[in-house]
Amino acid sequence: MLSKILKKSDCASCRFCCSFRRQSLWETPLFDLETKERLEKKFPSAHFRPVGKNSFTVDLSGGYRTDSPDEEAACPFLDSEKGCVLSAEEKPFDCKIWPLRVVRKSSGGKIFVALTTTCPAVNRLPFSEVQSLVKSGLGGKILSYALSHQDIVKDWRGGFVEIE
Ligand code: SF4
Ligand code: SF4
């Protein structure tokens with residue numbers, strides 16, 4: 001969904017958003033039950049844990065080898081050569097919109113689209129370029145999806161920049 005501003009070549013040399021430190025596990029992508037069951041058959045080594053009311057995410061707890069807070073565990077669907085091995089249909093919405101996120105500042109409060117400022121490729125762009133992409137319709141589509149998939153809504157935290 002962000003192909004207008006994110007090049008495949010940028011991601012091929014990065015993969016930052018497909019590996020997670022322990023303190024970033026709140027960011028792991030969400031799957032619905034049907035997709036999770038399909039992926040369990042296709043990738044028996046992938047493990048899942050429930051999140052929110054109707055979703056599942058990858059369980060990376062067995063992926064750490066040290067106690068270092070800087071250690072990262074890779075998503076089980078990341079291939080070091082090919083990148084993400086999931087089809088467009090299987091790929092989580094979270095991953096399709098990264099580094100955008102749907103966030104809420106307080107319980108029951110309004111939801112909005114925010115930018116996570118940790119994607120090196122998007123960080124190289126003027127913020128106005130990201131903002132105009134979101135405001136030209138993408139933000140509306142993201143918010144519409146989030147209204148019927150509330151589990152993807154994250155709590156506001158430092159590092160987010162509000163867009164729409
Ligand atoms: S952090 Fe950004 S540049 Fe890196 S792989 Fe993810 S989307 Fe691509
Ligand atoms: S599902 Fe694919 S894009 Fe998403 S974190 Fe895993 S490897 Fe990366």
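Let me start with Pro99, which is found in the loop between α3, residues 93–97, and β8, residues 100–104. In this model, which is a predicted one, the peptide bond from Trp98 to Pro99 is cis, with omega near 5°. That deserves a moment of attention, because most peptide bonds are trans. Trp98, on the other side of that bond, is also among the residues that surround ligand 1.

That brings me to ligand 1 itself. Its surroundings are made up of Leu6, Cys11, Cys14, Arg15, Phe16, Cys17, Trp98, Cys119, Pro120 and Ala121. By class, this shell divides into nine nonpolar residues, no polar residue and one charged residue, and the charged one is Arg15, since Arg is counted as charged whereas Leu, Cys, Phe, Trp, Pro and Ala are counted as nonpolar. The space that ligand 1 takes is the largest pocket.

Ligand 2 also sits in the largest pocket. Around ligand 2 we find Cys17, Cys18, Pro29, Cys75, Phe77, Leu78, Cys84, Leu86, Lys91, Pro92 and Cys95. Here the shell has 10 nonpolar residues, no polar residue and one charged residue. If you compare the two lists, Cys17 appears in both of them.

Now, what is unusual about the backbone of Arg15, given that it is not a glycine? Its phi is positive, at about 70°, and we should set that against the general background that most residues other than glycine have a negative phi. Arg15 has its place in the loop between α1, residues 8–12, and β1, residues 19–20. With a relative accessible area of 22%, Arg15 counts as partly exposed, because the buried class ends at 20%.

From Arg15 we can step across to Gly83, which belongs to strand β7, residues 83–84. The two residues are 68 apart in sequence, and yet their C-alpha atoms are 7.4 Å apart in space. Once neighbours within four places in sequence are left aside, Gly83 is in contact with Arg15, Phe77 and Leu78, and the latter two, Phe77 and Leu78, are also among the residues surrounding ligand 2. Gly83 itself counts as buried, at 0% relative accessibility.

Next, consider Ala73, in strand β5, residues 73–74. Ala73 is buried, at 3% relative accessibility, and, not counting residues up to four places away in sequence, it touches Cys18, Ser19, Phe20, Leu60, Gly63 and Tyr64. Cys18 in that list is another residue of the shell around ligand 2. As for distance, Ala73 and Asp59 are 14 residues apart along the sequence and 10 Å apart from C-alpha to C-alpha.

Gly63, one of the contacts of Ala73, lies in the loop between β4, residues 55–58, and β5. Is Gly63 buried or partly exposed? At 30% relative accessibility, it counts as partly exposed. Beyond its neighbours within four places in sequence, Gly63 is in contact with Glu71 and Ala73, while Leu39, 24 residues away in sequence, is 18 Å away by C-alpha distance.

Two helical residues are worth adding. Lys36 lies in helix α2, residues 33–42, and, although it is a lysine, it is buried, with a relative accessible area of 13%. Which residues does Lys36 touch, if we do not count those up to four places away in sequence? They are Phe31, Phe48 and Phe56.

The other is Tyr145, in helix α5, residues 127–148, which at 27% relative accessibility counts as partly exposed. Leaving aside neighbours within four places in sequence, Tyr145 is in contact with Phe93 and Ile152. Tyr145 and Ser9 are 136 residues apart along the chain, with their C-alpha atoms separated by 28 Å.

Let me finish with the chain as a whole. The protein chain has five helices and 11 strands. Its radius of gyration is 16 Å, close to the 15 Å that the globule rule gives for 164 residues, so the chain is as compact as a globular protein of that length. The C-alpha trace spans about 40 × 35 × 30 Å along its principal axes, and 39% of the 164 residues count as buried. Finally, among the contacts between residues at least 6 apart in sequence, 67% join residues at least 24 apart, and the contact between Gly83 and Arg15, residues that are 68 apart in sequence, is one of that kind.

Note on methods:
Residues numbered from 1 in each chain as written. Chains lettered and ligands numbered in written order. Predicted model: local features only at pLDDT ≥ 70, side-chain atom pairs only at ≥ 80, totals over all residues. Heavy atoms only, no water. Near = heavy atom within 4 Å. 1 Å grid on protein atoms, 1.4 Å probe; cavity = no way out; pocket = protein on both sides within 12 Å on 5 of 7 lines; lining within 4 Å. Sits in = over half its atoms within 2 Å of the grid points. Helix = DSSP H or I, 4+ residues; strand = E, 2+ residues; numbered from the N terminus. Rg over C-alpha atoms; globule rule 2.2 N^0.38 Å. Buried < 20%, exposed > 50% of the residue type's maximum accessible area, 1.4 Å probe, protein only. Contact = heavy atoms within 4.5 Å.
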